[in-house]
Amino acid sequence: MPERCVALRGMPTAAAFGQQRGFSLLELLVALIVVVLVTTLVNLSVSSGGQDIRIKTLVYELADVASYALDEAQMNGLDYGLLLEEEAQAGETIYTFSWLEHRIDGWNEPLSGKEVFARRSMPPGVSLELELEDAPVVEFSLEDANKDIITPQVVLYASGETTAGAINVRDIASGDLLWRIEWDLLGRFDVLPRGEVDEYTEGDNKY
């Protein structure tokens with residue numbers, strides 16, 4: 001009997017095998033470059049957003065603690081002070097702020113609330129610029145940290161008053177104003193994004 005050829009449906013033929021091919025080295029390299037670029041952009045976005053949140057947190061914390069320090073000054077009958085400094089770290093200038101308490105022996109770290117009054121550092125690339133009512137711009141340099149007697153630039157008096165002023169938070173590279181903290185003689189603090197009053201959140205920015 002003659003043999004009968006049976007075609008199996010669904011099985012690839014030799015021609016089909018000949019049409020299939022793998023990815024070329026160039027295609028794999030292009031795909032790898034695309035993945036690396038996307039990952040880098042995502043990381044940059046997350047990093048930038050994280051720093052923005054950190055700066056905002058520090059700005060509001062400064063205003064919060066200043067208001068708290070003024071209350072403590074009136075309750076304890078002691079003057080409190082805000083000290084802004086610059087310091088060099090790994091070839092970069094880092095701006096810091098800390099709080100002092102005026103006692104008989106001079107300005108010292110507060111005896112209570114040490115966690116609240118702990119020294120804070122701004123992220124690299126961000127500067128602090130101080131303005132006071134009697135001085136448009138207050139200079140403070142790296143040399144200030146070497147003084148034997150440290151005096152705060154802003155004093156929150158036990159009488160409930162302080163010198164009116166403002167602190168500008170700037171991006172060092174671009175010079176852009178990121179935040180501005182303003183206060184009056186009675187120690188009422190305003191936090192202004194980019195130095196502008198937001199009419200929708202104006203009440204939330206007062207301390």
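## Ground rules

A pocket here is an open set of points on a 1 Å grid over the protein atoms alone, with protein on both sides within 12 Å along at least five of seven lines, while a cavity is a set of points where a 1.4 Å probe fits but cannot get out. Lining residues have an atom within 4 Å of a point. Points are joined across faces, edges and corners, and a volume is the space filled by probe spheres set on them.

The model is predicted, with local features needing pLDDT of at least 70 and side-chain atom pairs counting only at pLDDT 80 or more, whereas totals for chains, interfaces and linings use all residues. Residues are numbered from 1 along each chain as its sequence is written, and side-chain values use heavy atoms, leaving out hydrogens and water.

## The two pockets

The largest pocket holds about 290 Å³ of space. Its lining runs to 15 residues, with Ser98, Trp99, Leu100, Glu109 and Pro110 nearest the centre. Strands β1 (80-89) and β2 (92-103) each chip in at least two lining residues, and β2 has the largest share, at three. Helices (H or I, at least four residues) and strands (E, at least two) are DSSP runs, numbered from the N terminus. Sorted by class, this lining has nine nonpolar, one polar and five charged residues; nonpolar covers Ala, Val, Leu, Ile, Met, Phe, Trp, Tyr, Cys and Pro, charged covers Asp, Glu, Lys and Arg, and the others, Gly among them, are polar.

Next comes the second largest pocket, at about 180 Å³. Among the residues lining this pocket are Gln51, Asp52, Ile55, Trp179 and Arg194. Two elements, α2 and β9 (177-183), give two or more residues to that lining, and α2 has the largest share with three. The class split is six nonpolar, two polar and three charged.

## The cavity

There's one cavity of 30 Å³ or more, with a volume of about 40 Å³. Its walls are Leu62, Ala66, Leu82, Trp99, Val154, Leu156, Trp183 and Phe189. Both α2 (25-76) and β7 (154-156) put two or more residues into this lining. As for class, that's eight nonpolar, no polar and no charged.

## Serine 127

Serine 127 sits in strand β5 (residues 126-132). Its relative accessible area is 13%, so serine 127 counts as buried (under 20%, with exposed over 50% and partly exposed in between; 1.4 Å probe, protein chains only). Setting aside neighbours within four places in sequence, serine 127 is in contact (heavy atoms within 4.5 Å) with Tyr95, Asn168, Val169, Arg170 and Ile172.
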